[in-house]
Structures are given as structure tokens and as C-alpha cells.
Amino acid sequence: MRILLGVGGGVAAYKAVLLLRLLREAGHRVRVVPTASALRFVGAPTWEALSGEPATCEVFDDVPHVPHVALGQEADLVVVAPATADLLARAASGRADDLLTSALLTARCPVVMAPAMHSEMWEHPATVANVATLRGRGVHVVEPASGRLTGADTGPGRLPEPEEIARVALEVAAGRSEPAAQDLTGVRVVVSAGGTREPVDPVRFLGNRSSGRQGVELARAARARGAAVTLVAANLASPPAFDAAAPGPPVQVVDVETTAQLREAVRAAAREADVVVMAAAVADFRPAQAPTAKIKKVAGQAPAPIALVENPDVLAELAAQRLRPGQVVVGFAAETGDEDGGVLDHGRAKARRKGADLLAVNAVGEGVGFAVDDNHVTVVDRDGATVLEVGGTKREVADGLWDAVVKLLPG
Ligand code: CTP
């Protein structure tokens with residue numbers, strides 16, 4: 001595919017370098033069209049060396065090829081990242097005052113714009129109106145992430161991670177962003193994602209390898225199918241971005257760190273929920289004590305052992321005592337298999353122990369399950385009987401699981 005990567009003038013232009021690499025590594029030809037201000041952040045040699053194509057903001061370079069018309073016409077996909085407030089305004093008003101805005105006017109392919117700016121600029125009525133105009137014309141404007149901005153300040157306006165932008169852009173290009181079946185309209189769901197961390201002292205913690213990607217995909221898929229989603233996010237590897245153009249209310253994200261915080265957040269949201277999916281890797285144990293001062297090593301002395309106490313089992317509690325009548329409770333079982341049985345034997349036994357309506361059993365270990373793109377799960381019911389097997393991307397697995405949940409919902 002021939003991709004035109006437009007780069008606006010913001011600090012986040014450095015992330016577009018990684019985006020360029022990802023798109024190239026996925027096998028696409030990429031022509032970078034920066035704005036003049038973007039070139040003040042990242043210079044043309046970087047774009048040219050990594051894309052293998054010229055990178056200019058000038059309409060009057062290479063005039064015989066009429067680039068201000070040809071670049072847009074020839075593109076199969078246009079991705080603009082970061083899209084600054086000014087660039088959104090120029091695109092929305094149809095300006096053609098540089099090569100990028102000219103190309104945006106001649107492009108007839110899918111256009112994905114990933115805004116990045118300070119929260120005040122993002123929330124300003126002028127920007128809100130420009131985004132609405134662009135969306136009204138079919139431009140796919142990605143919702144910015146919330147988090148650390150240029151300085152110490154935080155809020156909405158952060159450019160989503162390059163992997164996320166690449167994923168959305170390629171999905172849009174493949175036409176996979178077609179509206180999903182709205183079979184979760186009016187359904188309230190809670191999804192926990194990530195892995196809890198238990199403090200050992202103020203600087204150390206006991207944690208696990210969960211990236212949170214499967215949980216985030218479950219939240220995305222539910223949102224796309226019309227659900228009202230609360231995502232309880234435990235230490236995700238990257239801030240989640242959600243498609244603001246999808247139907248249904250925006251996803252509520254509640255950040256937590258420890259199992260106690262996760263339990264409280266999940267239970268609070270579950271009181272109003274029709275479905276709870278525990279996709280988070282919850283620490284089974286926590287240090288009995290977490291001193292408020294850092295544990296120091298003493299030369300020649302063996303370290304003091306860390307005594308552990310058991311955490312509550314959030315999933316088993318929710319399954320045993322439904323916080324809302326008729327609530328569907330779903331768990332995950334990350335298994336490796338051992339001398340006592342295979343992945344599925346352990347999964348079936350866990351399903352009977354936990355009492356959840358559905359348990360998605362998957363194999364985990366080095367290079368499997370955690371922080372990889374694909375997943376494979378066997379979904380079993382509370383008796384351990386197989387309900388469904390689904391493999392593929394984490395989004396496909398998420399949709400498979402929601403298909404199974406929909407069958408358990410009343411009506
Ligand atoms: N879970 C939970 N609370 C815990 C531990 C796990 O809610 N304290 C949930 C997880 O979110 C997941 C399911 O239980 O949905 C299974 O997690 P897993 O770690 O595979 O199971 P454990 O009960 O911890 O069993 P074990 O570690 O012995 O395999």
C-alpha cells in the first residue's frame with residue numbers, strides 16, 4: 001500500500017518517526033509530508049533516510065511531477081500524526097497553503113488523523129468544531145490519549161502510541177472499521193485489564209508480565225458493539241486510546257495499581273453492570289508489610305525474607321455474590337500446564353472452582369499470551385465444558401468472547 005504520512009508541528013513529531021518505521025516494517029511504501037513547523041522538530045534527513053523518499057513541505061519542489069496534486073491522488077491511505085490544532089483547522093477549512101493540506105484536498109482514500117496538543121487546545125470550541133467537521137466528512141479522527149503532555153502537565157491531548165495509530169490506520173484502510181453489530185447496546189460492562197502491583201517498599205513492587213492488551217481490546221470491542229464500558233486499568237503497558245467516533249458513551253477508565261484498589265474499583269462499577277470481565281492478571285499474594293522507607297541492603301548480610309499474605313479472589317467473590325441480579329461474570333485463566341495436567345485441564349478445574357459463567361483459558365509463557373498481538377482461548381462454562389474456541393488477533397478473541405456473553409444476556 002502507498003501511505004502518505006503527514007506530520008504536524010508538535011513535540012510528538014518524534015513519535016511519528018516510530019510510526020514511519022512500523023508502517024515500513026509492515027511492508028508499505030511511505031511518503032512523509034511534514035509541515036514547515038514539523039521540520040523544526042524532526043529534520044528532513046530523518047524522514048528521508050527512514051522512508052527512502054523525499055520529504056518536503058514545499059509545493060514548489062519537484063514541480064514537473066505536480067506533487068501537490070499527485071501525492072494525494074496516488075495515496076491508498078493518509079495518516080496525519082501528530083495533527084496539531086492548527087493543522088486540524090486548516091484541513092477543516094479546506095486550506096491548501098502547504099504540500100500536506102494540498103494533498104489532503106486531493107486524497108480520495110481513507111484519512112486518519114491523530115491529534116496531539118495541550119488539553120486546553122483540544123477542548124477549545126474551535127478545535128471541537130473542526131474535529132466535528134472533519135469527522136462529518138468521513139475523516140477518521142483518533143481520540144487523543146490522556147496522560148503526560150509536553151511538560152509536567154497531564155490531561156487529554158497526548159498522541160496515542162505509534163503502535164496504536166498504526167493499528168487503527170491499517171484497520172481503517174482495510175475497511176475493518178465498518179460499524180460492528182450493535183448487540184451490546186444499553187448493556188453496561190466492566191472490564192479489568194493489566195496486572196496489579198503489590199508494593200514491597202516505596203520503590204519496589206511484585207508484579208507480573210500482563211500488558212493489558214487483551215483487556216483493552218475487550219473494552220474496545222464492547223464499545224464498538226454499543227456497550228457502556230468501564231475499564232479498570234492496572235498498570236497498562238501503554239495508555240489506551242479509544243475511537244471517539246464509535247457509537248455509545250465514551251469508555252470510563254479507572255486507573256488502579258494494587259489488587260485492593262482494583263477490587264474496590266471493579267466492585268463499585270459492578271454494582272451497576274450487566275457484565276463483568278476480569279481480564280486483569282491479579283496478584284494472588286501481597287507482601288504482609290510494605291515499609292514506608294526503602295529496604296536497604298547490608299553488606300555481608302542475607303536479605304530478610306518477604307512474608308506474603310493472600311489477596312482476595314475478586315472473580316470468585318463476584319461469581320459467588322452477584323452484585324446485580326442476573327449479572328454475567330467472566331474470568332480468564334492464564335495457564336502454562338505442568339506435571340499435574342495440561343493448560344485445559346487446569347482451566348476446566350479453575351472454572352469449577354471459581355464459579356464464573358464463562359472462563360477464557362489461554363496458554364501463557366515466554367512469547368505466548370503476554371504482550372504479543374495474537375491470542376488463542378478456549379472458553380469454558382462453570383462446569384468446565386467447552387463453549388467456544390477462538391484464535392486470532394486480540395480483537396478477534398475479544399469479539400468471540402462477547403459473542404458468547406451475548407448468548408447469556410436476557411432477551
Ligand atoms: N483473579 C482474581 N483475583 C485474584 C486472582 C485472580 O479476580 N486474586 C481472577 C483473574 O482476573 C482471572 C482469574 O481470576 O480472571 C484467573 O486468574 P489466574 O491467575 O489464572 O488464577 P488464580 O486463581 O490466581 O489461580 P493460579 O494462579 O493458582 O493458577
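Which atom of the ligand is 3.1 Å from a polar backbone atom of valine 314? In this predicted model, a nitrogen atom of the ligand takes that place beside the backbone of valine 314. Taken alone, the ligand exposes 570 Å², and 78% of that is buried by the protein.

Two oxygen contacts can be added to this picture. A polar backbone atom of methionine 278 is 2.7 Å from an oxygen atom of the ligand. For aspartate 284, a polar side-chain atom lies 2.7 Å from an oxygen atom of the ligand.

A wider view of the site takes in 15 residues that surround the ligand, and the closest are Met278, Ala280, Phe332, Lys350 and Lys354. By kind, the shell divides into 10 nonpolar residues, one polar and four charged. At least two shell residues each come from α12 (314-320), β16 (328-335) and α13 (343-354). Of the elements in the shell, β16 gives the largest share, with four residues. As for the pockets of the protein, the ligand takes up the space of the second largest.

Another feature to look for is an open sheet of five strands, paired in parallel in the order β2-β1-β3-β4-β5. Its edges are formed by β2 (29-34) and β5 (140-141); each has a single partner strand, so one side of each is left without a neighbour in the sheet. Strands of a sheet pair through backbone hydrogen bonds, either parallel or antiparallel. Here, β4 (residues 111-115) and β5 run parallel and are joined by two bridges. Methionine 113 has valine 141 in β5 as its bridge partner.

Notes:
Residues numbered from 1 in each chain as written. Predicted model: local features only at pLDDT ≥ 70, side-chain atom pairs only at ≥ 80, totals over all residues. Heavy atoms only, no water. Near = heavy atom within 4 Å. Polar contact = N/O pair within 3.5 Å; in protein donor to acceptor, adjacent residues only side chain to side chain. Areas by Shrake-Rupley, 256 points an atom, 1.4 Å probe, with all protein chains shown as cover. 1 Å grid on protein atoms, 1.4 Å probe; cavity = no way out; pocket = protein on both sides within 12 Å on 5 of 7 lines; lining within 4 Å. Sits in = over half its atoms within 2 Å of the grid points. Nonpolar A, V, L, I, M, F, W, Y, C, P; charged D, E, K, R; others polar. Pairing = 2+ DSSP bridges.
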